[in-house]
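Reader: I should like to learn how the features of a protein model are read from its coordinates. May we work through one case together?

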Amino acid sequence: MKKLILAALICSALLLTGCGINPVTGGYTLNFYSDAQEYQMGEEYHPQLVAQYGEYADQNLRNYVQDIVNRLGDVSHRPDLNYRVTLLDTPEINAFAIPGGRVYVCRGLLIYINSEAELAGVMGHEIGHVTAKHSVQQMSKQQGLDFGLLLGAVFLAKDSEQNAQNFLNLGSTVSNLALLSYSREDEMEADRLGVEYAHKAGFSPLGVGQVMKMFERMSGKQSKFNLLLSSHPASETRSKQARIEVSKLAENQDINRELDRGAYLGKIKNIITGHNPERGVVNNGNFYSTRYQLAFNGGGGKFSMDNGYLMAWQNPPQTAAVYLEMLEMNNNPEKTKTTQMEKNLGTTAHTVTGRNWNSSRGNVYIYLAQTKEGYYQVSQYFNIYRGKMLCLTVLEKLTGQQTTLANLDSALQNLRPLSAAEAEQLKPPRLEIYTARAGDTWESLAQTYFSPAEAQKLAWFNGCELTDSLPEKIKLGLF
Ligand SMILES: [Zn+2]
């Protein structure tokens, strides 16, 4: 009897704290988070995301995306949320929303989209994840999973014994935007909501399906699409489903609306297409940043820039990885250093056996981590440079417990101020929009601007097949 009462108490306690109404379905779902907590979580992560990826400084483009998102939010299942758009200055092909309603769009995704309807579909999809509370549900299901983990650990991967090994394999664990991996069902639901919200807000509901179709055509074996497809899987099934949703709408409503291709392409004209030299770019095996006025001689090493660091570099035998970051000090250099050191230590699953400032160098902090694969050393050099805290971190595998600063020293020797001549030459690549003339074909444009073999890709990139006639405005790019 006692046991039964206890069980009943536990159940009702769980019901009280763990369930909430899903705004989309109207049913009960497991959710430990109140709206206020969701909002708070989002506000906590927003500055971190912006610090890491940088905001793309095009106010007109941001306002345009914001207007679309406002229209979608107003007709969504959670119209009271304040959906705020941030454009991220990264060529990664992704968009995501975090609890509380902040929506992020990487400029790398915007160059693939072909119309306002497609943008509305993608934004509707992301808002759908928020209204259906997909990430808070996922966090509620897996106890101990916090949103930071969902987002990907900022520096060291949190959960794996292979931590340090992965760390040396740049890009595999540190690419943060592989973040929110929802279930297939969640993705399907978000697509359905994307179609619904886009239609209700007055856009053509065809957008979601068209974006999926374009990625399906472009992806092939191209690894750069894997990130998007891994967090947003099965695009073929999804483009089919999106078509079904649209045909359901079409049964009793007029869905014929403008896709607004020309208006959209006018907004993304001249958008930066690759890495922004402001933030950092790799040219001829060297790294340059115009904002930070820095250059790093790569000397045949391997760079990785997609993970949001200013620079990540691996030396040729791949025994050490170097990370360069410029930190905001907020008038407190000491706190900046401590926060950076704690950030690196805080998320590690391995045992940290020693940590201290190197006695012979006041500005080098060093610690040893013991993992199943052996000892790893992290050495961090701090120095104030052009009003920011420059932090150069070297991660390396040791043969024993004897620490060394040899790799840190050689990395520091490779780091130097950017020359005026170098800065002058660094111009970011930008997207050109071409107005079709009589007689143009996909083949003729490919031949003139790229190579005849690229006609197919040019058509796909523009959301068309080779057999389709040319739209009036054409994105001159292949990517
Ligand atoms: Zn999604």
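Author: The dialogue that follows goes from the overall composition to single strands, helices and residues. The model is a predicted one.

Reader: Let us begin with the whole. How many helices and strands are there in the protein, and what percentage of the residues is buried?

Author: The protein has 18 helices and 18 strands. Of its 479 residues, 53% are buried. The accessible surface amounts to about 21,600 Å², and carbon and sulfur atoms hold 51% of that area. Among contacts with a separation of 6 or more, 63% are between residues 24 or more positions apart.

Reader: How is a sheet to be read? Which order do the strands β3, β4 and β5 take?

Author: One reads the order of the strands, then the sense of each pairing. Here the 3 strands form an open sheet in the order β3-β5-β4, with mixed pairing. β3 (84-88) and β4 (95-98) each have a single partner strand, so they stand at the edges and one side of each lacks a neighbour in the sheet. On average, neighbouring strands of this sheet are turned by 20° against each other, direction ignored.

Reader: In which sense do β3 and β5 pair?

Author: β3 pairs with β5 (residues 102-106) in the parallel sense, over 5 bridges. Within this pairing, arginine 84 is opposite arginine 102 of β5.

Reader: Which helices lie across these strands?

Author: Helix α2 (residues 35-53) lies across β3, β4 and β5 and runs at about 20° to β3. Helix α3 (residues 59-74) lies across β3 and β5, at about 140° to β3.

Reader: How may one check the span of a helix such as α5?

Author: One compares an expected span with the distance between the end C-alpha atoms. Helix α5 (residues 116-131) has 16 residues, which at 1.5 Å a residue should span 22 Å; the end C-alpha atoms are 22 Å apart, so the two values agree. As for its surroundings, 16 of the 16 residues of α5 are buried. Just after α5, lysine 133 has a positive phi of about 55°.

Reader: How should a nonpolar core be read? Which residues of the largest one touch the most other members?

Author: One looks for the members with the most contacts inside the core. The largest nonpolar core has 46 residues, of which Val65, Leu72, Leu110, Leu119 and Met123 touch the most other members. A second, separate core has 23 residues, including Phe303, Leu310, Leu392 and Val394.

Reader: Let us take leucine 72 from that list. Is it buried or exposed?

Author: Leucine 72 belongs to helix α3. Its relative accessibility is 0%, and therefore it counts as buried. Leaving out residues up to four places away in sequence, leucine 72 touches Ala120, Met123, Gly124, Ile127, Tyr197, Ala198, Ala201 and Phe203. One of these partners shows how sequence and space can be compared: leucine 72 and alanine 201 are 129 residues apart in sequence, and their C-alpha atoms are 5.6 Å apart.

Reader: How are the side chains of a strand to be read, and where do those of β10 point?

Author: In a regular strand, side chains alternate between the two faces of the sheet. In β10 (residues 311-314), Met311 and Trp313 point one way, Ala312 and Gln314 point the other way, and all are buried.

Reader: Which strands does β10 pair with?

Author: β9 (residues 302-304) runs antiparallel to β10 and is joined to it by 3 bridges; lysine 302 is opposite glutamine 314 of β10. β10 also pairs with β11 (residues 320-327) in the antiparallel sense, over 4 bridges. In this second pairing, tryptophan 313 has valine 322 of β11 as its bridge partner. The two strands β10 and β11 form a hairpin with 5 residues between them, and in the turn glutamine 318 has a positive phi of about 55°.

Reader: How many residues lie in the hairpins that involve β13?

Author: Between β12 and β13 there are 6 residues, while the hairpin from β13 to β14 has 2. β12 (residues 351-357) and β13 are antiparallel, with 6 bridges, and tryptophan 357 is the bridge partner of tyrosine 365 in β13. β13 and β14 (residues 374-385) are likewise antiparallel, over 8 bridges, and leucine 368 has glutamine 377 of β14 as its bridge partner.

Reader: Why is β13 described as largely enclosed?

Author: In β13 (residues 364-371), 7 of the 8 residues are buried, so the strand is largely enclosed by the rest of the structure.

Definitions and conventions: Residues are numbered from 1 along each chain as its sequence is written. This is a predicted model: local features need pLDDT of at least 70, side-chain atom pairs count only at pLDDT 80 or more; totals for chains, interfaces and linings use all residues. Side-chain values use heavy atoms; hydrogens and water are left out. Two strands pair if DSSP finds at least two bridges between them. Axes are lines fitted to C-alpha atoms, for helices over the stretch in contact, and angles run from 0 to 180 degrees between N-to-C directions. Contact means heavy atoms within 4.5 Å. The expected span of a helix is 1.5 Å times one less than its number of residues. Buried means under 20% relative accessible area, exposed over 50%, partly exposed in between (1.4 Å probe, protein chains only). A nonpolar core is a set of buried Ala, Val, Leu, Ile, Met, Phe, Trp, Tyr and Cys residues joined through side-chain atoms within 4.5 Å. Accessible areas come from the Shrake-Rupley method with a 1.4 Å probe; for residues, only the protein chains shown count as cover.
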